[in-house]
Amino acid sequence: MSSSPASSGASASSDGTESSGTDSQDSDSQDSDPQGSDSQDSESQDSSQDSSDSATSSQEESSTTAWTTIGSAVAQASTGATTADILAANAEVADVTTEQDDAGTYDASSATTISLAGTSATVDGEGASTEGSTVTITAGGTYVVSGEATDGQLVVNAPDAEVRLVLDGANVTSTTGAAVNVQDAGEAVIVLAQGSTNTLADAQTYADTSEDAPTAALFSSDTLTITGTGSLDVTGSYNDGISSKNGLVVTGDTTITVTAADDGVRGKDYLVVESGTLTVTAGDDGLKSSEDDDETKGFVALGQADVTLTAGDDGITAHTDVTVAGTTVTITAGGGQANAVIEEVAPGQDQTDPSEQSTEESAEDTDDSSSSPKGITAGVSYTQDSGTVTVDAAHEGVEAAFINVGDGRLHIASGDDGINASSGDVVIEGYEAAETDTEADDGSVLTVSGGEVQVSYASSDGIDSNGSAYVTGGIVLVSGQAGAMDGAIDVNGASQLVGLTGSPSVTSGDTLTVTEAAADSAGEEVASLEVTFTAEAVTVIGLTEGQEYTVASTSGGSATGTAAALSSGMGGPGGGDPQDGQAPQGGGAGGAQPDGTAPQG
């Protein structure tokens, strides 16, 4: 397994406390509120916190420091960054597995075997003891678990020891707490044995609800790595599915399915999914990292994995950074765009009128009015270099202070803003004016330098940057027209957004082509993509200013126009004044270079 350090997102604020980019999360123990502690809506920049994380408040500790500021150095490093840039800046990730671990194999001759049978268990070897079907491991070594415990638990209490827990046809159900509880270990690795099918299920209520008690079906107080080539089904009926109070790494070629009452998979210091297949259904957040007192932690890093998330609240939430490199991610958050409360349909959209929502849908929206489910939310940065990310969210699609797309595909259907570059409820150094002026540049930056981005939004804006926005490569397709405050584009600061807006209409599944118009010959095709939404008009961004293009769709015909700088107040297709492209005043890196190009990270 390769090491995957992941990025820093914060700096020290002027008062000496540590600072970062999102609302304060719970500390060592895990929250249990089904709605979580969301970042606030960027347009209001409300600094009030969601106070609903109180269901297990007796188990939680407040951070001694609260991040309030993203420093200018971090802002500059996060602007236009690659995943490698982000990963290199953060805490080093545990790299403890062997090739044998990742292959799901083990040396049976030196392993201790644990056999489960209903309400009893037997141990053959050293380092473990039993009491009924509760097995406690107190020494380092490899422990192979098989059989079924109908009321049991696997406990690891081996300080400073290297423990490998091999699940080889193990089915563990607890009626009093967690199915697996790693209380203390120097190094904890769970190996899903080759060809094995395993299940873990916890109790709906826990006998131990003290401060240090477990809060997930698979729980670890120390950094935990899951690897191998087998499968694991986890049911967290009490709170989370899989949770570590330190770091959590998923690697190998595992197939993991998690169903959880609260968060699906959570690594407090970091959550790294390097490979394998991960499917999560969660009442609250799908994937989460919440460390808020160390600026190098609190991140989610996704690698060559296939991840499917269905979340009651956010699909992925990280206190600092989210990185995507080669991942296939599918997210449904809060029931998706179909569950949005549509306050106003933006120009050129093809959306159901809010008055046509069913009584049942309206009741659900009213009952859950405090929730704002986002596809992906990161306090500092979202960075994608490759892979395919598909987001269907009831509220915002992707939200972070610094959003970077260098390649791959990012497809968003959202109830509110599709892409929202915003400092949220913190301040970016040099942009303090945004605290009192919601129309001021807050220092956030959206940078698209390659790949394909498609955005469909039910209300508010397709692309909304409370700071700057630059599309310097790739192609961006947004449903609806630019030219209104609630439309395809809304940027407070400098921008480099060159394209066309208006006709043709599109239908989901259409092929849309963008071709350079030529009077005497067929023009060069600039882009061809399969449209993921239906709309009466579209905005295409990533073109060359002054060049004439023809935009054609399978169902909507074609239209020809000259690419121009677009903005929210341009007044119509291709019109209006472009942003001046100059760097904003302050300490950040949110503006353009002197030549008008987007800033480099």
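This report walks through the nonpolar cores, the salt bridges and one buried acidic residue of the structure above.

The model is predicted, so local features need pLDDT of at least 70 and side-chain atom pairs count only at pLDDT 80 or more, while totals for chains, interfaces and linings use all residues. Residues are numbered from 1 along each chain as its sequence is written, and side-chain values use heavy atoms, with hydrogens and water left out.

**Nonpolar cores**

A good place to start is the inside. A nonpolar core here is a set of buried Ala, Val, Leu, Ile, Met, Phe, Trp, Tyr and Cys residues joined through side-chain atoms within 4.5 Å; buried means under 20% relative accessible area, exposed over 50%, and partly exposed in between (1.4 Å probe, protein chains only). The largest such core has 88 residues, and Leu 287, Ile 316 and Tyr 382 have the most contacts inside it. Its largest share, nine residues, comes from strand 9 (residues 153-173). Strands (E, at least two residues) and helices (H or I, at least four) are DSSP runs numbered from the N terminus. A second, separate core of 18 residues includes Leu 512, Leu 529, Phe 533 and Val 538.

Leaving aside neighbours within four places in sequence, Leu 287 is in contact (heavy atoms within 4.5 Å) with residues including Val 265, Leu 302 and Ile 316.

**Salt bridges**

Across the whole structure, a search finds 12 salt bridges. Each is a side-chain nitrogen of Lys or Arg within 4 Å of a carboxyl oxygen of Asp or Glu. Here are some of them:

| Pair | Closest N to O |
|---|---|
| Glu 162 and Arg 164 | 2.8 Å |
| Lys 297 and Asp 294 | 3.8 Å |
| Glu 396 and Lys 374 | 3.8 Å |

Glu 396 and Lys 374 link distant parts of the chain, 22 residues apart: Glu 396 is in the loop between strand 27 (388-393) and strand 28 (398-400), and Lys 374 in the loop between helix 4 (359-367) and strand 25 (376-378). Glu 396 counts as buried because its relative accessibility is 0%, and Lys 374 is also buried, at 0%.

Glu 162 is partly exposed at 44%, whereas Arg 164 is buried at 9%. These two belong to a salt-bridge network with Asp 101 and Glu 187.

**A buried acid without a salt bridge**

Asp 461 lies in the loop between strand 33 (445-457) and strand 34 (463-465). Asp 461 is buried yet has no salt bridge, and the nearest side chain of opposite charge, Lys 374, is 14 Å away. The side chain of Asp 461 does reach the backbone nitrogen of Gly 487, at 3.2 Å.

Methods
Lys, Arg positive; Asp, Glu negative; His and termini not counted. Polar contact = N/O pair within 3.5 Å; in protein donor to acceptor, adjacent residues only side chain to side chain.
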